[in-house]
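Welcome! Please take a moment to look over the sequence and the 3D view below, and then we will walk through some parts of the structure together.

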Amino acid sequence: MAAGVALQRMRRHVRLGRLGVWGALASGPLALLVAVMPSPTAVQAAVPLPTPSSAHSSQADPAGYAEVFLRAWLRSDTGDDSTAQARLARSMAPSVALPEPAKAAQPGLEEVRTVRSAQRADGSWSVTAAAQYADGLVRYYAVPVVADPAGSSFAVTGTPGVVAGPARAEVPRSSYGVTVPDGDLSSAAGEFLAAYLTGVGDVGRYLAPGVKLSAVAPAPYATVTVQQVLAVEEAAAAGQVPADGTKVHILAQTEARDGNERWPLAYELALKARSGRWEIAALESGTDQAGGVRS
């Protein structure tokens with residue numbers, strides 16, 4: 001009964017809509033436009049209003065712009081404005097004077113890398129970049145930059161200045177305070193890393209269920225040897241594999257070799273006990289390839 005009533009109402013609305021359109025045609029184009037336009041309420045529902053803060057919610061960091069300028073500026077010479085680097089530096093900062101290096105005594109510039117960028121109270125930026133030269137010398141330069149509110153355009157506002165490099169941060173005490181003796185855990189870590197870095201053996205046989213990891217390809221080393229294993233949890237130092245589900249986090253210090261090359265490498269791993277053996281639960285060094293985090 002209710003369905004029949006609803007159907008009758010729907011048909012009535014359709015007939016009324018058709019009558020309205022035909023009546024609008026009879027009354028002229030303006031009436032037709034009014035008849036087919038949605039109501040103001042419908043327009044507001046279909047197009048939500050933008051939030052006031054969405055237009056300029058953040059300002060782009062001009063570090064990359066300052067880095068490009070400093071690289072061109074350091075490779076420029078005021079005595080030769082025709083070089084590509086001088087033209088680039090001039091285009092980015094027309095009012096900034098170019099250097100006049102003694103080419104015979106100046107070592108070649110290797111690279112320029114930003115180490116810090118800070119925004120001042122007036123909205124301008126100070127970008128500190130490190131310039132490394134072929135002889136190993138490193139100099140730090142502060143570059144003043146301004147950016148428009150949207151972060152779509154930048155300008156260098158003054159000549160770079162040589163500044164002191166950043167201070168060395170205090171290294172926190174390592175959480176890996178438990179020494180792991182030779183045994184099942186260190187063997188599991190060593191065998192996994194050997195397969196992971198040399199391509200010899202199947203990485204999958206060392207992984208816990210649900211963990212997915214692929215060996216490094218192409219394999220960068222011929223041999224990998226674990227030198228030392230440190231852990232966070234005391235359970236990692238036990239002589240026997242603990243109960244299923246026990247999880248430990250270790251730092252494996254390794255030595256990788258390929259021909260005459262020798263590379264000291266370190267890997268943070270999470271391992272879980274299952275069926276009397278240790279399995280790799282996560283590779284925590286670098287990107288999170290296992291989909292897990294320290295817990």
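## Two strands and their hairpin

Strand β8 (residues 247–258) and strand β9 (residues 261–274) run antiparallel and are joined by 12 bridges. Strands such as these are DSSP runs of E with at least two residues, helices are runs of H or I with at least four residues, and both are numbered from the N terminus. Two strands are said to pair if DSSP finds at least two bridges between them.

Along this pairing, Val 248 has Leu 271 in β9 as its bridge partner, and Thr 254 is matched with Leu 265 in β9. The two strands form a hairpin with 2 residues between them, and Gly 259 in the turn has a positive phi of about 65°.

## How to read the numbers

This is a predicted model, in which local features need pLDDT of at least 70 and side-chain atom pairs count only at pLDDT 80 or more, while totals for chains, interfaces and linings use all residues. Residues are numbered from 1 along each chain as its sequence is written, and side-chain values use heavy atoms, with hydrogens and water left out.

## The sheet around the hairpin

Which strands make up the open sheet, and in what order? There are 5 strands, in the order β6-β7-β8-β9-β10, with antiparallel pairing. At the edges stand β6 (178–179) and β10 (277–283); each has a single partner strand, so one side of each is left without a neighbour in the sheet.

Starting from β6, 2 bridges join this strand to β7, and the two run antiparallel. Here Thr 179 stands opposite Leu 230 in β7. Next, β7 and β8 pair in the antiparallel sense over 8 bridges, with Thr 223 opposite Arg 257 in β8.

In strand β10 you can find Ala 282. This residue is buried, with 2% relative accessibility; buried means under 20% relative accessible area, exposed means over 50%, and partly exposed is in between, using a 1.4 Å probe and protein chains only. The C-alpha atoms of Ala 282 and Leu 269 are separated by 5.8 Å, although the residues are 13 apart along the chain.

## A helix across the sheet

Helix α6 (residues 184–198) lies across β7 (223–231), β8, β9 and β10, and runs at about 125° to β9. Such angles run from 0 to 180 degrees between N-to-C directions, with axes fitted to C-alpha atoms, for helices over the stretch in contact.

Two aromatic residues of α6 are worth finding: Phe 192 and Tyr 196 both lie in this helix, 4 residues apart, about one turn of the helix. Phe 192 is buried, with a relative accessible area of 0%, and Tyr 196 is also buried, at 7% relative accessibility.

## Helix α4 and its surroundings

Helix α4 (residues 63–74) has 12 residues, which at 1.5 Å a residue should span 16 Å, and its end C-alpha atoms are indeed 16 Å apart. The expected span is 1.5 Å times one less than the number of residues.

Which residues of α4 are buried? They are Ala 63, Ala 66, Glu 67, Phe 69, Leu 70, Ala 72, Trp 73 and Leu 74. Their cover includes α5 (84–92), β1 (109–119), β2 (125–133), β3 (138–147) and β4 (154–156). Contact here means heavy atoms within 4.5 Å.

## Ser 76 in the loop

Ser 76 sits in the loop between α4 and α5, and is buried with a relative accessible area of 2%. A polar atom of the Ser 76 side chain lies 3.3 Å from the backbone oxygen of Gln 85, and the side chain also reaches the backbone nitrogen of Ala 86 at 3.3 Å. Leaving aside neighbours within four places in sequence, Ser 76 is in contact with Gln 85, Ala 86, Ala 89, Leu 98, Pro 99 and Pro 101.

## Aromatic pairs

How many aromatic pairs does a search of the whole structure find? The search finds 3. In one of them, the rings of Tyr 65 and Phe 154 have centres 5.5 Å apart and planes at 40°, so the pair is tilted. Tyr 65 lies in helix α4 and Phe 154 in strand β4, so the pair ties together parts that are 89 residues apart in sequence. Rings of Phe, Tyr and Trp (its six-membered ring) pair if their centres lie within 6.5 Å; planes under 30 degrees apart count as stacked, over 60 as edge-to-face and the rest as tilted.

Tyr 65 is partly exposed at 23% relative accessibility, and Phe 154 is partly exposed with a relative accessible area of 24%. Phe 192 and Tyr 196 form a stacked pair, with 5.6 Å centre to centre and 25° between the planes.

Note on methods
A polar contact is a pair of N or O atoms within 3.5 Å; within protein, one must be able to donate a hydrogen and the other to accept it, and residues adjacent in sequence count only if both atoms are side-chain atoms.
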